[in-house]
Amino acid sequence: MSKQYHIYGIGAALVDTEITLTDADLIAMNVDKGVMTLVDEARQRELISYLADHLVASHKASGGSAANTIIAASYFGCKNVYSCKVADDENGRFYIADIKAAGVTYPAHINPPAGTTGKCLVMITPDAERTMNTFLGISETLSEDELDVDAIAQSQFAYIEGYLVTSPTGRAAAVALRKHAEANNTRTALSLSDPAMVQFFRDGLVEMIGDGVDILFCNSDEAMSFTQTYSLQDAAEALKKHCKQFAITCGSDGALVFDGNTQFKIAGNKVTAVDTNGAGDMFAGAFLYALTQGHNFQTAGDFASLAASKVVAQFGPRLKAEQHAELKEAFFR
């Protein structure tokens, strides 16, 4: 049976503000470097007022990990659906318009309620490391109500963002999505999202994964932390209990992917890293795009590694629409 959509995604809807700053700034603000930390709106305002003189270089974009992945795959040519929760405010309207402009379908039954749309402050240090402080806003109440069960059944893949683990209703929605997908022959994919999610919410992630997803996406730190191992090879072996296939990104060293039978080492692409925000999201988006087009894991990994290297070489978690087309043409010609 051919399906109407390539990927159905679910995740937190966050309007990102990216700011460049120094390690000294992070220390002065008492911010943990390199991870995502949940904060309340007052704390986020306090950080923004401290960084007022840095805001010149900031810009706004619709974000959230799974949204970045779904939008990338959409620009490459996939037909996708994205479930999230925004409020009926300026940021919420901006967010929905932005994902629709990328060709992503937003479930018609969702009517944004009053409230505050989630916001993420993305702080980039000179070493290109990204540090995030997130106020989830209304996104924290994302629930099964935002799921479109018909669209899930009509999708080749269901993609779940690990960040949902922090919200009880979000976690329940992720589990419900996985179960709907399993019942309708839709392949499941989940991203562990962030080392802090694995460290503090491991049990919740295990609940979201259930008896195992088809594909697990993570980086090497998340893989070792999740499997409680100390080497990449041991982590790769232990991950097989939680998924049929996986892709573990290893920064500039490329990635390790497993297609269910064979493990492949994917080469990295040498670039000058400017901003690592969105690299893993892009990897997953490009990888899933290649799989939906019938390519194997080696080809999908090579394409995803190239796409991720393009993201880290510039500011922002996403590429421009035309960059996706150029990348695809250059790689698949």
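This note goes through the predicted model in numbered points, from the whole chain down to single residues.

1. Basis of the values. Because this is a predicted model, local features need pLDDT of at least 70 and side-chain atom pairs count only at pLDDT 80 or more, while totals for chains, interfaces and linings use all residues. Residues are numbered from 1 along each chain as its sequence is written, and side-chain values use heavy atoms, with hydrogens and water left out.

2. Overall form. The chain contains 12 helices and 13 strands, where helices (H or I, at least four residues) and strands (E, at least two) are DSSP runs numbered from the N terminus. Its C-alpha atoms fill a box of roughly 50 × 45 × 40 Å along the principal axes. The radius of gyration is 18 Å, which agrees with the value near 20 Å for a compact globule of 333 residues; this radius is taken over C-alpha atoms, and the globule rule is 2.2 Å times the number of residues to the power 0.38.

3. Burial and contacts. Of the 333 residues, 57% are buried, a term that means under 20% relative accessible area, with exposed being over 50% and partly exposed in between (1.4 Å probe, protein chains only). Among the contacts with a separation of 6 or more, 75% join residues 24 or more positions apart, contact meaning heavy atoms within 4.5 Å.

4. Surface and charge. The chain exposes about 13,500 Å², and carbon and sulfur atoms supply 50% of that area, as found by the Shrake-Rupley method with a 1.4 Å probe, with only the protein chains shown counting as cover for residues. There are 26 positive and 40 negative side chains, and the centres of the two sets lie 5 Å apart. Lys and Arg count as positive and Asp and Glu as negative, whereas His and the chain ends are not counted; each charge is placed at NZ of Lys, CZ of Arg, CG of Asp or CD of Glu.

5. The nonpolar cores. A nonpolar core is a set of buried Ala, Val, Leu, Ile, Met, Phe, Trp, Tyr and Cys residues joined through side-chain atoms within 4.5 Å. The largest one has 50 residues, and those with the most contacts inside it are Tyr82, Tyr95, Phe217 and Phe287. The elements that each supply at least two of its residues include α3 (65–76), α4 (90–101), β10 (213–219) and α11 (297–312), while α10 gives the most, with 9 residues. A second, separate core of 49 residues includes Leu136, Ile160, Val213 and Ala223.

6. Two residues around α10 and α11. Beyond its neighbours within four places in sequence, phenylalanine 217 is in contact with ten residues' worth of partners that include Tyr159, Leu190, Phe283, Phe287 and Leu288. Alanine 304, in helix α11, is buried at a relative accessible area of 0% and, with residues up to four places away set aside, touches Phe283, Ala286 and Phe287. The C-alpha atoms of alanine 304 and phenylalanine 283 are separated by 4.5 Å, although the two are 21 residues apart along the chain.

7. A partly exposed aromatic. Phenylalanine 94 is found in helix α4 and is partly exposed, with a relative accessible area of 26%. Apart from neighbours within four places in sequence, phenylalanine 94 is in contact with Val15, Lys60, Ala61 and Ser62.

8. Buried aliphatic residues. Isoleucine 124 lies in strand β6 (residues 118–124) and counts as buried at 2% relative accessibility; outside the four nearest places in sequence, its contacts include Ile19, Leu21, Val274 and Phe315. Leucine 164, in the loop between β8 and α6 (168–183), is also buried, at 5% relative accessibility, and its contacts beyond four places in sequence include Ile10, Leu142, Arg171 and Met208.

9. Backbone points to check by eye. Alanine 128 is not a glycine, yet has a positive phi of about 75°; alanine 128 is placed in the loop between β6 and β7 (130–135) and is buried at 0% relative accessibility. Serine 193 likewise has a positive phi of about 75° without being a glycine, lies in the loop between β9 (187–191) and α7 (195–209), and is buried with a relative accessible area of 11%.
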